[in-house]
Amino acid sequence: MAVDGNWNITLSTPLGDRDATLTLKADGSTLIGKQAADGNEADIVDGTVNGNDVAWKTSITNPMPLTLAFSGKVDGDSISGDVSIGPMGSFPFKGTRA
């Protein structure tokens, strides 16, 4: 699938740009993988893939405990979309295949 692989992404948040890495794999319409940032790694949950459209959630603890909900689109070696950070609203993310 087009989404399978390793990705370097940057989230544009109110606290500044945050870099993360993703390992994604499509299993039918289910998206599985891991997301890592600041030395912490977590499984992605509730992942879906439909063609080039992707969505997933992950929990972080730094800079504060939050659940991040991503929705985006893969275009070749690029990925971009929005991340919802609960009460803080939604912000863009973008990245490239590692």
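Before I start on the pairs: I call two strands paired if DSSP finds at least two bridges between them. This is a predicted model, so everything below is read from computed coordinates.

**Entry 1: E5 and E6**

I began at Val45, which stands opposite Lys57 in E6. Val45 belongs to E5, residues 45-50, and four bridges join that strand to E6 in antiparallel fashion. Two residues separate E5 from E6 in a hairpin. I checked the turn and found Gly51 with a positive phi of about 65 degrees.

**Entry 2: on to E7**

Next I followed E6 into E7. Eight bridges hold this antiparallel pair, and a hairpin of five residues links the two strands. For a register check I looked up Asp53, whose bridge partner in E7 is Lys73.

**Entry 3: E7, E8, E9**

E7 and E8 are antiparallel too, with seven bridges. Gly72 has Gly81 of E8 as its bridge partner. Their hairpin has two residues between the strands, and Gly76 there takes a positive phi near 65 degrees.

I then stayed with Gly81, since its partner in E9 is Phe93. E8 and E9 pair antiparallel over seven bridges. Five residues lie between them in the hairpin, and Gly86 in the turn has a positive phi of about 50 degrees.

**Entry 4: the core**

Which residues have the most contacts inside the largest nonpolar core? I get Val3, Ile9, Leu24, Val54, Trp56, Phe70 and Ile79, out of 22 residues in that core. Strands giving two or more residues to it are E1 (5-13), E2 (16-27), E6 (53-60), E7 (66-75), E8 (78-84) and E9 (90-97).

I picked Ile79 for a closer look. Leaving out neighbours within four places in sequence, I see it in contact with Trp7, Ile9, Leu24, Val54, Trp56, Lys73, Val74, Phe93, Lys94 and Gly95. Two names come back from the earlier entries: Lys73, the bridge partner of Asp53, and Phe93, the partner of Gly81.

**Entry 5: the largest pocket**

What volume does the largest pocket have? I read about 350 Å³. Its lining counts 24 residues, and those nearest the centre are Arg18, Ala37, Ile60, Asn62 and Leu68. By class I have 13 nonpolar, seven polar and four charged residues in the lining.

I also looked up which strands supply the lining. E1, E2, E3 (30-37), E4 (40-43), E6 and E7 each give at least two residues. E6 and E7 are thus on my list for the pocket lining as well as for the core.

Terms used: Residues are numbered from 1 along each chain as its sequence is written. This is a predicted model: local features need pLDDT of at least 70, side-chain atom pairs count only at pLDDT 80 or more; totals for chains, interfaces and linings use all residues. Side-chain values use heavy atoms; hydrogens and water are left out. A nonpolar core is a set of buried Ala, Val, Leu, Ile, Met, Phe, Trp, Tyr and Cys residues joined through side-chain atoms within 4.5 Å. Buried means under 20% relative accessible area, exposed over 50%, partly exposed in between (1.4 Å probe, protein chains only). Contact means heavy atoms within 4.5 Å. On a 1 Å grid over the protein atoms alone, a cavity is a set of points where a 1.4 Å probe fits but cannot get out, and a pocket is an open set with protein on both sides within 12 Å along at least five of seven lines; lining residues have an atom within 4 Å of a point. Grid points are joined across faces, edges and corners, and a volume is the space filled by probe spheres set on the points. Ala, Val, Leu, Ile, Met, Phe, Trp, Tyr, Cys and Pro count as nonpolar, Asp, Glu, Lys and Arg as charged, and the others, Gly among them, as polar.
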